Amino acid sequence: MTLPSTSSSDAVHTPQLQSRLPQVGTTIFTVMSALAAETGAVNLGQGFPDFDCDPQLIDAVNDAMRAGHNQYPPMAGVPVLRETIARKLETLYGHSYNAGSEITVTAGATQAILTAILAVVHPGDEVIVLEPCYDSYVPNIELAGGVVVRVPLKPGTFRPDFNKIAGAITPRTRAIIVNSPHNPSGTVWKRDDMLHLQALLAPTDVLLISDEVYEHMVYDGQPHESAACYPGLAARAFIVSSFGKTYHVTGWKVGYVAAPAPMMAEFRKVHQFNVFTVNTPMQHGLAAHMANPAPYLELPAFYAAKRDLFRQGLASTRFKMLPSEGTYFQCLDYSELAVPERNLSETDFCQWLTREVGVAAIPLSAFYGNGFDQHVVRFCFAKKDSTLQLALERLARL
Ligand SMILES: Cc1ncc(COP(=O)(O)O)c(C=O)c1O
């Protein structure tokens, strides 16, 4: 039998794909970072520090590599790191997690959230997200075959609207994703909010995915209200954090999840065949570094000073500053700027600001499924003071 020639054009072709995520394109973060690079703008768009981490952390990772910690670690993470995380959670939030069965080290919070969703969401299950929300949640739910239920935070204040959340809960609701401190708005959930959520979920079987990646960036003496502080929430929560945010190493992509053992058992079934394990020497380095709590306990003062520098520089502009209670983001309302800028959509305003003023920001509309436009844009102040000064010089004329 003669085999057909593979040189004919129909024999060599890439089969047509039906996208699992037809709505997903290039993210606004990539678009704005590329535009900032092309135009030489100061990039206050994408959320990452432009300064380096503590050299001692790099030494600790180097030491771990030289000490031979270069092969697969245990699937759930290096035990010493899990124990250090458990100690921190107990000290700060008063909840005792078992390092063996209730904590898993992940490839950043992004993998943690996807894995949690894949572990618990069955096709047709509903998952509530509070908009504006971080851009990975919705595609993650869709990949699991879940149904996204969007509930807006209160317009203007970005506080939770518990009547709307209660109205969105149905017998099919599998989980709700909460993010405090909140990206993009910089709001922080208060004790009353957490008690309200706890009471609302108590009679249900709804799980909580608590995205707490900015847990150490809460300002003005407020506490971080972790779901771990509330027994009724902790009993149903995947609590997610990110070393990338806490230690200025977003490119390392290491984070963790804490959850009750039965939830963690399901999480690990997916984790095991998703990444299996996470970078060994970095886990050892992070464990050594984290033994000293000072770096994360000092983070609020460090970032509050940057926030204040940025806000003081903006005081004489016509931007309306929204409160920034936490995270490293400052949102600005541009609806009182001059015409025509103030009439631009958020996306067009960000393009204009990058090209004409030389500062890149992110439109809040990017965090809504329907592109809701409220003339508010997000700036990241996790930058060297000199970078912030340069941005402020450029923004001063507005
Ligand atoms: C709210 C929120 N969740 C999760 C992440 C992802 O964190 P990681 O870089 O650890 O994957 C980010 C990063 O910007 C974020 O802002």
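**Figure 1. Asparagine 183 and two other side chains reach the ligand's oxygen atoms.** In this predicted model, a side-chain N or O atom of asparagine 183 sits 2.8 Å from an oxygen atom of the ligand. Threonine 110 does something similar: an N or O atom in its side chain is 2.5 Å from a ligand oxygen. Then there's lysine 253, where the distance from a side-chain N or O atom to an oxygen atom of the ligand is 2.6 Å. On its own the ligand would expose 400 Å², and the protein buries 93% of that.

**Figure 2. Here's who surrounds the ligand.** Pull back a little and you'll find Gly108, Ala109, Thr110, Tyr134, Asn179 and Asn183 among the residues around the ligand. Asp211, Val213, Tyr214, Ser242, Lys245 and Lys253 also belong to that shell. Sorted by class, the shell holds four nonpolar, five polar and three charged residues. Which helix gives the most to the shell? That's α4, spanning residues 108-120, with three residues.

**Figure 3. Two cis peptide bonds turn up in the loop between β5 and α7.** Most peptide bonds are trans, but this view shows a couple of exceptions. Serine 180 and proline 181 are joined by a cis peptide bond, with omega at about -10 degrees. Proline 181 belongs to the loop between β5 and α7 (191-201). A little further along, the bond from asparagine 183 to proline 184 is cis too, and its omega is near 15 degrees. Proline 184 is likewise placed in the loop between β5 and α7. If asparagine 183 rings a bell, that's the residue whose side chain has an N or O atom 2.8 Å from a ligand oxygen.

**Figure 4. Seven strands line up in an open sheet.** Read across, the order is β2-β8-β7-β6-β5-β3-β4, and the pairing is mixed. The edges belong to β2 (103-106) and β4 (147-152); each has a single partner strand, so one side of each has no neighbour in the sheet. From one strand to the next, the twist averages 20 degrees. Helix α10 (residues 261-272) packs on this sheet, touching β2, β6 (207-211), β7 (237-242) and β8 (255-258). Compare directions and you'll get about 30 degrees between α10 and β2.

**Figure 5. A closer look at β3 beside β5.** Strand β3 covers residues 126-131 and strand β5 covers residues 173-179. They pair in the parallel sense, over four bridges. Which residue of β5 stands opposite valine 129? It's isoleucine 177.

**Figure 6. Phenylalanine 158 has an unusual backbone angle.** Most residues other than glycine have a negative phi. Phenylalanine 158 isn't a glycine, yet its phi is positive, at about 60 degrees. Look for phenylalanine 158 in the loop between β4 and α6 (162-168).

**Figure 7. Another open sheet has four strands and a helix lying across two of them.** The strand order is β9-β10-β13-β12, with antiparallel pairing. At the edges are β9 (320-321) and β12 (362-363), each pairing on one side only. Inside the sheet, β10 (residues 329-333) and β13 (residues 376-380) run antiparallel and are joined by five bridges. Glutamine 330 stands opposite phenylalanine 379 of β13. Helix α14 (residues 346-357) lies across β12 and β13, and runs at about 45 degrees to β13.

Key
Residues numbered from 1 in each chain as written. Predicted model: local features only at pLDDT ≥ 70, side-chain atom pairs only at ≥ 80, totals over all residues. Heavy atoms only, no water. Pairing = 2+ DSSP bridges. Contact = heavy atoms within 4.5 Å. Axes fitted to C-alpha atoms, helices over the stretch in contact; angles between N-to-C directions. Near = heavy atom within 4 Å. Polar contact = N/O pair within 3.5 Å; in protein donor to acceptor, adjacent residues only side chain to side chain. Areas by Shrake-Rupley, 256 points an atom, 1.4 Å probe, with all protein chains shown as cover. Nonpolar A, V, L, I, M, F, W, Y, C, P; charged D, E, K, R; others polar.
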